[in-house]
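Work through the exercises below with the structure open. Each task is followed by a solution in steps.

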Amino acid sequence: MQSTASASEVKTVPVHMTVNGVVREASVEPRLLLVHFLREHLSLTGTHVGCDTSQCGACTVLIDKRPVKSCTMFAVQADGRQLTTIEGLATDGKLTPLQEAFWNEHGLQCGFCTPGFIVTATALLESNPRPSEAQIRKGLEGNLCRCTGYTNIVKAVQVASAAMATSAAAPAAATAGRA
């Protein structure tokens, strides 16, 4: 016998999570994918739905600072977690060094895959601030781009890494000069 449950009979469960620094609460169907929760319930459309099979990485977000493909996770699994989407990386409208490097080094063409690459590379640079080219390529291998050929994406991560190292060294040098 087929179920004929109406929309009003669909069971929902409460979820609470911090997304881009803001506590969010909602009632969702247990089967709702995190990528759809972010896009449809929170209007955070920078997280893209690409392949729906976890192959392309366009839906990558940070959960507790680790990259996760949000098309492979239910929203209820993110309950109590800290999430960062592409929208949460810039601060007060100022792009991160990585976002600037993607722009300046032409690490994007159509831009569809770019949020996933930037979120993944953000986690990579957090765990390894000075990665080699091979480490960058390995770190980004779960993300696909159909436009760029990856050369400029890798270059953007390298440029961002160098810029971040320079900006981190500047305050240390200034503090050392006062001692």
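**Exercise 1. In this predicted model, find which residues of the largest nonpolar core touch the most other members.**

Solution.
- The core holds 22 residues. Leu98, Phe102, Phe117, Leu140 and Val157 touch the most other members.
- Next, assign the core to elements. Those giving two or more residues are α2 (97-104), α3 (114-127) and α5 (151-178).
- The largest share, seven residues, comes from α3.
- Now take Val157. Leaving aside residues up to four places away in sequence, Val157 touches Leu98, Phe102, Ala121, Leu124, Leu125, Ile136 and Leu140.
- Another core lies apart from this one. That second core has 16 residues, including Met17, Leu38, Ala78 and Leu83.

**Exercise 2. Describe how strands β1 and β2 pair.**

Solution.
- Strand β1 covers residues 13-19, and strand β2 covers residues 22-28. Their pairing is antiparallel, over seven bridges.
- At the turn end, find the partner of Val19: Val22 in β2 stands opposite.
- Two residues lie between the strands of this hairpin. Asn20 takes a positive phi near 55 degrees there.

**Exercise 3. Count the disulfides, then explain why Cys59 and Cys110 do not form one.**

Solution.
- The count is zero.
- A disulfide is a covalent bond between the sulfur atoms of two cysteines. The cut-off used here is 2.5 Å between the sulfurs.
- Start with Cys59. Its closest cysteine sulfur, in Cys71, is 3.7 Å away, so the two are too far apart for a bond. Cys59 is buried, at 4% relative accessible area.
- Turn to Cys110. The closest cysteine sulfur belongs to Cys147, 3.8 Å away, which is too far for a bond. Cys110 is exposed, with a relative accessible area of 58%.

**Exercise 4. How many salt bridges does the whole structure hold? Place the Arg81 pair in the chain.**

Solution.
- The search finds six.
- Arg81 pairs with Asp64; their closest N and O atoms are 2.6 Å apart.
- Arg81 sits in the loop between β4 (66-69) and β5 (82-84), while Asp64 sits in the loop between β3 (60-63) and β4, so the bridge ties together parts 17 residues apart in sequence.
- Check exposure. Arg81 is partly exposed at 30%, and Asp64 is partly exposed at 35%.
- Compare Arg137 and Glu133, which meet at 3.0 Å, N to O. Both belong to helix α4 (residues 133-139), four residues apart, so about one helical turn separates them.
- Finally, Lys94 and Glu100 form a salt bridge at 3.7 Å, N to O. Lys94 is exposed at 55%; Glu100 is partly exposed at 34%.

Conventions
Residues are numbered from 1 along each chain as its sequence is written. This is a predicted model: local features need pLDDT of at least 70, side-chain atom pairs count only at pLDDT 80 or more; totals for chains, interfaces and linings use all residues. Side-chain values use heavy atoms; hydrogens and water are left out. Two strands pair if DSSP finds at least two bridges between them. A nonpolar core is a set of buried Ala, Val, Leu, Ile, Met, Phe, Trp, Tyr and Cys residues joined through side-chain atoms within 4.5 Å. Buried means under 20% relative accessible area, exposed over 50%, partly exposed in between (1.4 Å probe, protein chains only). Contact means heavy atoms within 4.5 Å. A salt bridge is a side-chain nitrogen of Lys or Arg within 4 Å of a carboxyl oxygen of Asp or Glu.
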